[in-house]
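Dear colleague,

Please find below the structure I am handing over to you, with its sequence. My notes on what was found in it follow.

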Amino acid sequence: MIRLVFTIIAGVLLGGVVHLVSVLALPRIATQDAYSRLTPMTKENAVTALPLAEPNNAPMPFMDPAFAVAICRYDLTGGPIKLTVPVSQAYTSVSFYTRNEVAYYAINDRSAGRKVIELDLMTEEQHSELPEDEEVTAADRLIIDSPTATGLIVLKALAPEPGLMPQAQASLAASQCTVQTEPPPAKQPEPAPPPPAPAPRSKR
């Protein structure tokens with residue numbers, strides 16, 4: 001009976017210690033998310049190349065050394081973002097994350113089917129304010145809705161061989177991530193055709 005009481009007391013004390021350590025460590029862990037770690041080394045609403053991954057020094061976890069990586073840390077409060085990414089010779093991908101590291105969209109050069117991945121990123125409110133023109137909002141460009149006003153865009157370009165890494169880095173260096181300060185113009189309606197000329201009167 002005494003042994004059982006000591007076991008229960010030891011379990012309660014151990015649980016209390018674990019809880020206390022978790023509470024004390026939570027503020028530090030919360031400030032070490034990807035967005036917080038990348039803030040000092042990236043510019044807002046601009047593409048910033050990350051250094052190549054090393055075994056003991058990687059800006060983000062699970063970085064593949066065969067990929068060149070760049071980051072666009074975006075803030076949509078000033079307007080939608082225009083993203084342009086030239087594709088590399090091997091493989092290029094673009095992934096979108098919220099401020100809390102929740103992935104919500106991804107695209108690569110295969111699915112884009114173009115030599116340049118080009119799209120507009122905006123909030124749902126900004127999307128709803130676009131002109132109600134099907135050709136402008138759908139056919140002319142790809143529009144992505146961000147669940148949050150801030151987040152991260154991760155650009156990756158594959159270098160199948162170490163000697164091709166400069167080419168992969170160059171394709172990401174040519175990428176652009178800029179704020180659109182002016183809304184896209186609405187399509188102007190076509191002018192109405194002129195009225196038909198009156199028929200000539202016959203002479204009697």
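In which sense do E1 and E2 pair, and over how many bridges? The two strands pair in the antiparallel sense over three bridges; strands count as paired if DSSP finds at least two bridges between them. Helices (H or I, at least four residues) and strands (E, at least two) are DSSP runs, numbered from the N terminus. Within this pairing, Val47 has Cys72 in E2 as its bridge partner.

Please note that this is a predicted model, in which local features need pLDDT of at least 70 and side-chain atom pairs count only at pLDDT 80 or more, while totals for chains, interfaces and linings use all residues. Residues are numbered from 1 along each chain as its sequence is written, and side-chain values use heavy atoms, with hydrogens and water left out.

The antiparallel sheet

E1 and E2 belong to an open sheet of five strands, in the order E1-E2-E8-E4-E5, with antiparallel pairing. At its edges stand E1 and strand E5 (103-108), each of which pairs on one side only. On average, neighbouring strands of this sheet are turned by 20 degrees against each other, direction ignored; axes are lines fitted to C-alpha atoms, for helices over the stretch in contact, and angles run from 0 to 180 degrees between N-to-C directions.

E4 is joined to both of its neighbours in antiparallel fashion: to E8 over seven bridges, and to E5 over five bridges. Thr92 stands opposite Ala157 in E8, and Ser95 has Ala106 in E5 as its bridge partner. The hairpin of E4 and E5 has four residues between the strands, and Glu101 there takes a positive phi near 70 degrees. E4 is mostly covered, with six of its seven residues buried; buried means under 20% relative accessible area, exposed over 50%, and partly exposed in between (1.4 Å probe, protein chains only).

The mixed sheet

Four further strands are arranged as an open sheet in the order E7-E6-E3-E9, and here the pairing is mixed. Strand E7 (142-146) and strand E9 (176-179) are at the edges, each with a single partner strand, so one side of each is left without a neighbour in the sheet. The average turn between neighbouring strands of this sheet is 25 degrees, direction ignored. E6 and E7 run in the parallel sense and share five bridges; Met122 is found opposite Asp145 in E7.

The nonpolar cores

The largest nonpolar core (buried Ala, Val, Leu, Ile, Met, Phe, Trp, Tyr and Cys residues joined through side-chain atoms within 4.5 Å) has 23 residues, and those with the most contacts inside it are Leu83, Val94, Leu121 and Ile153. Two or more residues each come from strand E2 (67-75), strand E3 (81-86), strand E4 (92-98), strand E6 (116-123), strand E8 (150-158) and helix H6 (165-173). E2 gives the largest share, four residues. A second, separate core of eleven residues includes Ala34, Ile71, Leu152 and Val154.

Not counting residues up to four places away in sequence, Val94 touches Leu83, Val85, Tyr105, Ala106, Ile107, Ile117, Ile153, Val154 and Leu155, where contact means heavy atoms within 4.5 Å. In strand E2, Val69 is buried, with a relative accessible area of 7%. Val69 and Ala157 are 88 residues apart in sequence, and their C-alpha atoms are 6.7 Å apart in space.

Helix H6 and Ser88

H6 lies across E1, E2 and E8, running at about 15 degrees to E2. Its buried residues are Met165, Ala168, Ser171 and Leu172. Seen down the axis of H6, these fall within an arc of 125 degrees, so they line one face of the helix; the arc is that of the directions from the helix axis to the C-beta atoms. Among the elements that cover the buried residues of H6 are strand E1 (47-49), E2, E3 and E8.

One loop residue also deserves mention: Ser88, between E3 and E4, is buried, with a relative accessible area of 11%. Leaving aside neighbours within four places in sequence, Ser88 is in contact with Asp109, Ala157, Leu158 and Ser171. A polar atom of the Ser88 side chain lies 3.0 Å from the backbone oxygen of Tyr91.

With kind regards

Definitions and conventions. Polar contact = N/O pair within 3.5 Å; in protein donor to acceptor, adjacent residues only side chain to side chain.
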